Amino acid sequence: MEERENLFQSLRYRWSTLSQGQKIFVGVLAALVVMGLLVTLGQGSPLLNPARLLAVAAILLLALPVHEFAHAFMAVQLGDPTPRRQGRYTLNPLRHIDPIGALLILLVGFGWAKPVQWNPRNIDVDPRLGSILVSLAGPLSNLALAVASLLLWRWLGASGFLASLLLFFAQINVLLFVFNLLPIPPLDGSHVLFALLPDDARQVQIFLMQYGMLILFAVILFAPALIRTPTNAILRSLLALVGG
């Protein structure tokens with residue numbers, strides 16, 4: 001009973017620390033998740049395809065930890081011990097999974113994990129270059145996993161359930177690659193953008209930091225083609241590359 005009360009107090013505290021925009025985002029997102037689950041369960045959606053569900057599980061247990069570890073690995077290699085001190089220099093999925101981001105991956109195919117923290121003051125290269133390298137490490141790991149999955153599919157000559165599993169896994173990894181490169185906070189692409197922006201464009205960064213979550217929500221809800229279109233193009237190119 002006491003543990004439950006402590007949990008409620010912790011949740012209330014975390015809610016109180018959110019900005020108004022973040023509260024709106026979480027509320028609308030929760031409503032969308034509930035609606036999506038009802039539709040999925042009620043209509044026999046392909047989201048419940050066993051191969052896709054297993055691919056999502058592989059994303060949560062393998063791809064997301066690899067993505068976040070790639071960020072941590074790059075930061076540590078550049079001289080910053082912060083990810084190691086915070087326990088993020090690991091492939092343990094429990095150290096990386098974010099519940100909302102994981103649920104989004106199940107429902108729409110793209111989402112996020114808990115971001116790795118690092119300190120640009122500790123690195124051995126220019127902070128702007130370091131920010132670009134650390135930020136790109138995660139999405140590039142997803143692209144590498146997609147290529148590996150397609151190569152395995154081709155090498156095994158897989159068919160049926162195994163082929164569906166490997167192709168779903170590749171597709172979701174490409175989705176994560178594209179999604180995370182969107183120049184919208186808190187995604188990796190925003191850190192690349194901020195590193196490339198001139199000093200006199202500070203207001204652009206402030207605006208995106210303030211409204212990033214709402215912009216991201218608008219893209220997911222109203223403009224998913226910004227993610228799906230390049231994803232399909234990249235996936236077709238990779239399939240052609242491996243001879244699929």
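Biologist: Which helices do the buried residues of H8 pack against?
Modeller: Helices here are DSSP runs of H or I with at least four residues, numbered from the N terminus. Contact means heavy atoms within 4.5 Å. In this predicted model, the buried residues of H8 pack against H3, H6, H7 and H9.

Biologist: What pLDDT must side-chain atom pairs have to count?
Modeller: Residues are numbered from 1 along each chain as its sequence is written, and side-chain values use heavy atoms, with hydrogens and water left out. The model is predicted, so totals for chains, interfaces and linings use all residues, local features need pLDDT of at least 70, and side-chain atom pairs count only at pLDDT 80 or more.

Biologist: Which residues of H8 are buried?
Modeller: Relative accessible area decides, with a 1.4 Å probe and protein chains only: buried is under 20%, exposed is over 50%, and partly exposed lies in between. By that test the buried residues of H8 are Asp188, Gly189, Ser190, Val192, Phe194 and Ala195.

Biologist: Does H6 pass H8 in a left-handed or a right-handed crossing?
Modeller: Axes are lines fitted to C-alpha atoms over the stretch in contact, and angles run from 0 to 180 degrees between N-to-C directions. The axes of H6 (residues 127–156) and H8 (residues 188–196) come within 8 Å and cross at roughly 160°. H6 is therefore roughly antiparallel to H8, since angles over 145 degrees count that way, those under 35 as roughly parallel, 65 to 115 as roughly perpendicular and the rest as oblique. A near helix turned anticlockwise from the far one by less than a right angle gives a left-handed crossing, clockwise a right-handed one, and H6 passes H8 in a crossing that is left-handed.

Biologist: What is the hand of the crossing of H7 and H10?
Modeller: The axes of H7 (residues 160–180) and H10 (residues 225–242) come within 9 Å and cross at roughly 130°. That angle makes H7 oblique to H10. Residues in the contact include Leu167, Val174 and Phe177 of H7 and Ile227, Ile234 and Leu238 of H10. H7 passes H10 in a crossing that is right-handed.

Biologist: Which residues in H5 meet H3?
Modeller: The axes of H3 and H5 come within 10 Å and cross at roughly 145°. Their crossing is right-handed. From H3 come Arg52, Leu53, Val56, Ile59, Leu60 and Leu64; in H5 they meet Ala102, Ile105, Leu106 and Val108.

Biologist: How many aromatic pairs are there?
Modeller: Rings of Phe, Tyr and Trp (its six-membered ring) pair if their centres lie within 6.5 Å; planes under 30 degrees apart are stacked, over 60 edge-to-face and the rest tilted. By this rule the number of aromatic pairs is five.

Biologist: What is the angle between the planes of Phe69 and Phe73?
Modeller: Both residues lie in H3 (residues 50–77), four residues apart, about one turn of the helix. Their rings form a tilted pair, 6.0 Å centre to centre, and the angle between the planes is 40°.

Biologist: What is the relative accessible area of Phe73?
Modeller: Its partner Phe69 counts as partly exposed, at 22% relative accessibility. Phe73 is partly exposed too, with a relative accessible area of 37%.

Biologist: How far apart are the ring centres of Phe207 and Tyr211?
Modeller: Phe207 and Tyr211 both lie in H9 (residues 202–222), four residues apart. Phe207 is partly exposed at 46% relative accessibility, and Tyr211 is partly exposed at 35%. Their pair is tilted, with 45° between the planes and a centre-to-centre distance of 5.2 Å.

Biologist: The charged end of which residue sits over the ring of Tyr89?
Modeller: Ring pairs link Tyr89 with Phe69 and Phe73 into a cluster. A charge sits over a ring if NZ of Lys or CZ of Arg is within 6 Å of the ring centre and within 35 degrees of the ring normal. At 4.3 Å from the centre of the Tyr89 ring, the residue is Arg84.

Biologist: Is Ser141 buried or exposed?
Modeller: Ser141 is found in H6. Beyond neighbours within four places in sequence, Ser141 is in contact with Val66, His67 and Ala70. Because its relative accessibility is 10%, Ser141 counts as buried.

Biologist: Which residues does a cis peptide bond join?
Modeller: Most peptide bonds are trans. Here omega is about 10° at one cis bond, and Pro186 is found in the loop between H7 and H8. The residues joined are Pro185 and Pro186.

Note on methods. Helices (H or I, at least four residues) and strands (E, at least two) are DSSP runs, numbered from the N terminus.
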